[in-house]
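Trainee: I should like a close look at the salt bridges in this structure. Please set out which side chains take part and how they are placed.

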Amino acid sequence: MEEPFPEEQDEEEDEEWPRGGRVIVHIDLDCFYAQVEMLRNPQLRSKPLGTQQKNIVVTCNYEARKFGIGKLMSVKEAKEKCPELILVNGEDLTPYREMSYKVTELLGEFCPLVERLGFDENFLDITELVEKKFQELEPNSQIPIFGHVYKEEAVNFQDPVHIRLALGSGIAWELRDRLRSQLGITGCAGIASNKSLAKMISGVFKPDQQTLLLPENHREFLSSLDHIQKIPGIGSKTTERLEKLGVRKIQDLQEFPVFLLEKEFGISAAQRIHELSLGQENSQIIPWKPPQSFSDEDSFPKISTEEEVREKIRELLPKLLERISQDGRKPQTLRLGIRKFPGKNSRREFRQCPIPKHLIPKFGQENEELLPILEEILMKLFRKMIGGKFQLTLLSLGFSKLQEFPGNLGKGSIKFYLKRESQNKEMDTPRAPKIQKIPENSDKKPGILDFPRNFPAKKEEKVPPDVDPEVFSELPPEIQEELWTQWRNRDWERRNSLEKSSGKAPNLGMRSQCDLLRYWKSQGNFSG
Ligand code: DCP
Ligand code: MG
Ligand code: MG
């Protein structure tokens, strides 16, 4: 489809650009795990193929989908639908993780504003790229539109917003083209004026296609999606509460009186939910950074026996190990946090210790074997913290000091992920963990801080403030240095406040990390 470039622009409207609207591309790779397996073994390409984890077909290629096989179907049911289905074990995530980071890295060459979502999705804010192309347009130039336009809506080439989205469709096409030519991988793209809409529209035509959504169709498109949980940002809990109010369809939500939503959710949440139902959302791209730590926590009315503590550890630990496996790096420090009852609101205590070096290589490889050993270390930490009787209302676990590598592959680099296996250093001989006391942090917010938030330290002091000098002197030099670094890292506070203000903290907050993971697992939700 080609249209002439307008000779006369609406100057006023143009100056207001981006007037809250941006050009966002969402890319979701096609049948991701199965596609990686087909790249590893091209003979599988023409055959129905599924990737299996335990007794579930987590995904399958589009050949298999022709037989009615769907994602997360049981192996039994899938085999009934297609007896010749080939199943590849997909439990080792290494090849998927590697391709995933290659994709993000390649997209990052186009534009610095790339945000990862799970393994197979990326958002790009291409507003600036589009703007550059827009400024370079010659009068009367033809602007091609790439891929589908939702509802085949006519692009109005008098409208600068339309023109920019159309230019965005060209960039999305180019991105997909590069993914195909350089990595051999295909995916779908959605182009719209915010993340939420771009994500929802990208799956309208599948596989290996792209769809552009124009502002005039926002409301209609959302109504067509039917169930409210299809809106990224509306998670299962909100859905449950909305359903109790009789709201199931997106259209119900669009038409539901806001004052009633406010009664249920409070003013600001209600406003946000209502806006989401209309496609009004303006969350920023959060350029991807590897997390500094992995942590999770559980709060409860009260527990007072060691067995209950052990039980909580057993609940939290496997999920955390799973997240660490997906990340691919290996932690070197383990931390236990508790909140005693009665206690001040958010008063927590922490203890951490280095993970014995012989255990480190097992992360991501032998999680089953690690579980009971880590459990014992955590119980030991717990006993160090609690002398006699106790009552707890919260327990948290954290893994930090994710293995760094030499050379220029710093933690902030995707190359760090891509090259990490070959750069892995030999591990030292086993050593008993040393326990280190972490100062209490009375104003710690759940899920945010991993380390103390005051940074008074100067290296001339012998021990970072609030660290037990005896314990400190026992620590190996690299851990001591790490502690100093943490104290000196004033940058942390700035980052933390930035991420909090953006409403999303994929790299720091425990709760956010969990939400993000849950989202990725369920493909239903991102907090924006
Ligand atoms: N995945 C998983 N467990 C889930 C959901 C997904 O292991 N509960 C994995 C397998 C998928 C990958 O994540 O290949 C990406 O998930 P998608 O939902 O994007 O599914 P696919 O990429 O496989 O298929 P599609 O072409 O529909 O995007
Ligand atoms: Mg996908
Ligand atoms: Mg996906």
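Mentor: The following account turns to the salt bridges after a short note on the chain as a whole. The model is a predicted one. Its chain holds 20 helices and 17 strands, and buried residues account for 53% of its 528 residues. Of the contacts between residues at least 6 apart in sequence, 69% join residues at least 24 apart.

The count of salt bridges comes to 26. One of them is formed by the side chains of Glu375 and Arg314, with an N to O distance of 3.0 Å. This pair links distant parts of the chain: Glu375 belongs to helix H15 (residues 367-385) and Arg314 to helix H14 (residues 306-327), 61 residues apart. The two partners may be described by their relative accessible areas. Glu375 has a value of 8% and is classed as buried because this lies under 20%. Arg314, at 43%, is partly exposed, because its value falls between the limits of 20% and 50%.

The bridge between Glu375 and Arg314 also has a wider setting. Glu307, Arg310, Arg314, Glu375 and Glu376 are linked in a network of salt bridges.

A second pair is Glu264 with Arg241, whose side chains meet in a salt bridge at 2.9 Å, N to O. Here too distant parts of the chain are linked, with Glu264 in helix H12 (residues 258-265) and Arg241 in helix H10 (residues 236-244), 23 residues apart. Glu264 is partly exposed, with a relative accessible area of 29%. Arg241 is likewise partly exposed, its relative accessible area being 37%.

A third pair consists of Glu366 and Lys362, joined by a salt bridge in which the closest N and O atoms are 3.6 Å apart. The cut-off is 4 Å between a side-chain nitrogen of Lys or Arg and a carboxyl oxygen of Asp or Glu, so this pair qualifies as a salt bridge. Glu366 is partly exposed, with a relative accessible area of 32%. Lys362, by contrast, has a relative accessible area of 17% and is therefore classed as buried, the limit being under 20%.

To return to the point of the request, the burial of the partners can be read pair by pair. In the Glu375 pair, the glutamate is buried and Arg314 is partly exposed. In the Glu366 pair, the glutamate is partly exposed and Lys362 is buried. In the Glu264 pair, Glu264 is partly exposed, and so is Arg241.

Methods
Residues numbered from 1 in each chain as written. Chains lettered and ligands numbered in written order. Predicted model: local features only at pLDDT ≥ 70, side-chain atom pairs only at ≥ 80, totals over all residues. Heavy atoms only, no water. Helix = DSSP H or I, 4+ residues; strand = E, 2+ residues; numbered from the N terminus. Buried < 20%, exposed > 50% of the residue type's maximum accessible area, 1.4 Å probe, protein only. Contact = heavy atoms within 4.5 Å.
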